[in-house]
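Colleague: I am in my first year and still learning to read models like this one. Please pick one part, look at it closely, and then place it among its surroundings in plain steps.

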Amino acid sequence: MKDLASIALFALLVVCAPLVTDSGVVLNFITMALYACLLAQAWNILGGFGGQFSFGHALFFGTGAYVQAIAQLHGLNPWLALTLALAASAAVGLCVGALSVPFTGAGVGLMVPLRASTANMQFASRAGTLWLVLGMVIVALLVTAWLRHSRFGAWLQAVRDNEDAARAVGVDPFRVKLAAIAISAALMGAGGAFYVQVFQYIDPGIAYGPGTSVEALVAAIVGGMGTLWGPALGALALHLLADLTRNLFGELPGINMVIYGVVLVLIMMFMPRGVAGLRMPARGRRNAEQDQRRG
Amino acid sequence: MLEFGILFPALLNGLTTGAVYALVALGLTLIYGVLHIINFAHGASLMVALYAVYLLKDRFGIDPYLALVVVVPGMFAFGYALQRIVIDRASHGKDENILLVTLGIAIVLENLALLLFKSDTRTIDTAYTLATVPIGPALIALPKLIAFAGALAVCALLLVLMQRTDLGRAIRAVAKEKQGARLMGIDVEHVYAMSFGIGLACVGAAACFLLPAYYVNPQVGSGFVLVAFTIVVLGGMGSFAGALVGGLLVGVVESLGGLYFGESLGQVGIFAIFIGVLLLRPQGLFGTRA
């Protein structure tokens, strides 16, 4: 219940943002931060709750992006294309299981020309785009909240913590993991579809390159894996950091990323359980750390 | 089928490229294969070593092969300090933290290089850069041939180190049973740092052998990281012979794949073989079952 209340509060706050300000910079920032949240939350479902470390989440992102783009080039309505993109990403997730294959290919991009209208999932104002990605993030948060309280979520965490013990009490680890991958992949695919809607362009480097995989997992781990708000917090913090350093040191190439890297290492050094881990009581935190060392 | 006159040079070319892959992978198999440190900074370390070789040649006129005596110990010290001071303290023994810490280090190193050297691609000029050696119908670049011999030598040295010395035994003990090794009086943190240092020393050697026929820019390492990880798993985690054979195999597959299917599909062959090997032999070509 507390989870649902916090999600509702978050949704309310962000929904109102475009009504309070019409600054393009602020709205753009919120939109892109939400997009980063979506990717992190999608990764968190498999990585944080399932304990399956994936370096290949770009595969699902790229599938979502390409299906969204190609379906529209064949004249399909973007809203219909989105359901197709989600289904395709989930299907790819089911097929590859835990194994993911990096793709390489010649850099042929796809352009998706669209006129602005809600039916086209192209919004005249920035607010529309923001609300679209907000909707996706809220779905991701709701799925995470469900994982925290449902029987399936308990199975998934049991498999993560001790696969043999989970099997012993009648959980089928393979099916549980597979379902988690499918859910995670579908949300990642939503991220890809959103990317295409916003930038109206996709190429293999963006779709399947390591950048997106890394972005998703870094935000989730920095924020705190296996928590409800950790990945969102991590995505926001990193996005803020990247934006800030870019604005401060934009003229000197590289220095902003040097600071980003240093902060990343420092976060790991002083907040080993992620930013959200700080909220755990000190005693519980110490015990958890000792468990980790023993394991 | 293509005729021998085309196939043979492509094969040799693949073998010599593969030897350099193997050199990079040898360091990684020690760090990742034996100690399970997922070192995302491996490619960035190679880049640092390449810049070191470049600067030694450019500023002081030191020959890249002579630079081995400076760069290899230098990279060893860099690796030892990095593991001891940064990675060990920041990782708290958790895999996902190690991953982010090494990723952070990679980002820092690459962008420091960008800041200091700009994104220009640099090469060095030596008397033998363009020298070739005829082997049958093929002409092979001399630096690549030397790199091939160097990879074999480094591999042999590592095998002797791991099998015959106390340090090697300590590394193997720590890899097998960390807690047990500690109880036997082995300084685990020291062994970890030594392994990391040796791994980066291999990268230093790779840089010295690589640069005469290659180039350096801040992003140069990223092309090697994924291939190196693939080779380590393909050859068998922690197996030096596996890293060597895996590296050569990957080089040949890439070269022949490029010849038959075109440049961009050449790499697909690598991953097709990778998946095939993992399906048939999950422990890798030279790996032992856990």
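**A close look at the contact between the chains**

Modeller: Happy to! Let's begin with confidence: chain B has an average pLDDT of 85, and 97% of its residues score at least 70. Those scores matter here, as this is a predicted model. Where pLDDT is low, predicted coordinates should not be read in detail. For the complex, the predictor reports an ipTM of 0.78 and a pTM of 0.78.

The part I would like to show you is the contact between chain B and chain A. Chain B brings 27 residues to it, and chain A brings 30 residues. About 2,500 Å² of area is buried between chain B and chain A, and 79% of that area comes from carbon and sulfur atoms. You might go looking for charged pairs across this contact, but the count of salt bridges between chain B and chain A is zero. Polar contacts give the same result: zero residue pairs between chain B and chain A, with both residues at pLDDT 80 or more.

Now turn to the side of chain B that touches chain A. At least two residues each come from α3 (68–91), α4 (95–117) and α11 (266–280) of chain B. The largest share belongs to α4(B), with 14 residues. Sorted by type, this side of chain B has 18 nonpolar, six polar and three charged residues.

One of those helices, α3 of chain B, also holds B:Val69. B:Val69 counts as exposed because its relative accessible area, 63%, is over 50%. Try tracing from B:Val69 to B:Gly204: they are 135 residues apart in sequence, yet their C-alpha atoms are 9.8 Å apart in space.

Next, let's see what lies behind the contact on the other side. Chain A contains 13 helices and two strands. Of its 295 residues, 48% are buried. Among the contacts in chain A with a separation of 6 or more, 77% join residues 24 or more positions apart.

A:Asn44 is a good example of a residue inside chain A. It sits in helix α2 (residues 24–49). A:Asn44 is buried because its relative accessibility of 0% is under the 20% limit. A polar atom of the A:Asn44 side chain is 2.8 Å from the backbone nitrogen of A:Gly226. Setting aside residues up to four places away in sequence, A:Asn44 touches several residues, among them A:Phe49, A:Thr144, A:Ala220 and A:Pro231.

For a contrast, find A:Leu236 in helix α11 (residues 230–249) of chain A. A:Leu236 is partly exposed because its relative accessible area of 39% falls between 20% and 50%. Beyond its neighbours within four places in sequence, A:Leu236 is in contact with A:Phe29 and A:Ala33. Its C-alpha atom lies 16 Å from that of A:Ile7, which is 229 residues away along the chain.

Let's finish with the salt bridges. Between chain B and chain A there were zero, but the whole structure, over all chains, has eight. A:Glu163 pairs with A:Arg167, and their closest N and O atoms are 3.7 Å apart. These two residues lie four residues apart in helix α7 (residues 163–168) of chain A, about one turn of the helix. A:Glu163 is partly exposed at 28% relative accessible area, and A:Arg167 is partly exposed at 47%. A:Glu163 also forms a salt bridge with A:Lys177, at 3.2 Å from N to O. This pair links distant parts of the chain, with A:Glu163 in helix α7 and A:Lys177 in helix α8 (residues 173–199), 14 residues apart. Together, A:Glu163, A:Arg167 and A:Lys177 make up a network of salt bridges.

Chain B has an example too: the side chains of B:Arg59 and B:Asp58 form a salt bridge at 3.8 Å, N to O. B:Arg59 is exposed, with a relative accessible area of 58%, whereas B:Asp58 is partly exposed at 43%.

Methods. Residues are numbered from 1 along each chain as its sequence is written. Chains are lettered from A and ligands numbered from 1 in the order in which they are written. Side-chain values use heavy atoms; hydrogens and water are left out. Contact means heavy atoms within 4.5 Å. Buried area is the accessible area (1.4 Å probe) that two parts lose on being put together, summed over both. A salt bridge is a side-chain nitrogen of Lys or Arg within 4 Å of a carboxyl oxygen of Asp or Glu. A polar contact is a pair of N or O atoms within 3.5 Å; within protein, one must be able to donate a hydrogen and the other to accept it, and residues adjacent in sequence count only if both atoms are side-chain atoms. Ala, Val, Leu, Ile, Met, Phe, Trp, Tyr, Cys and Pro count as nonpolar, Asp, Glu, Lys and Arg as charged, and the others, Gly among them, as polar. pLDDT is the predictor's confidence in each residue, from 0 to 100. Buried means under 20% relative accessible area, exposed over 50%, partly exposed in between (1.4 Å probe, protein chains only).
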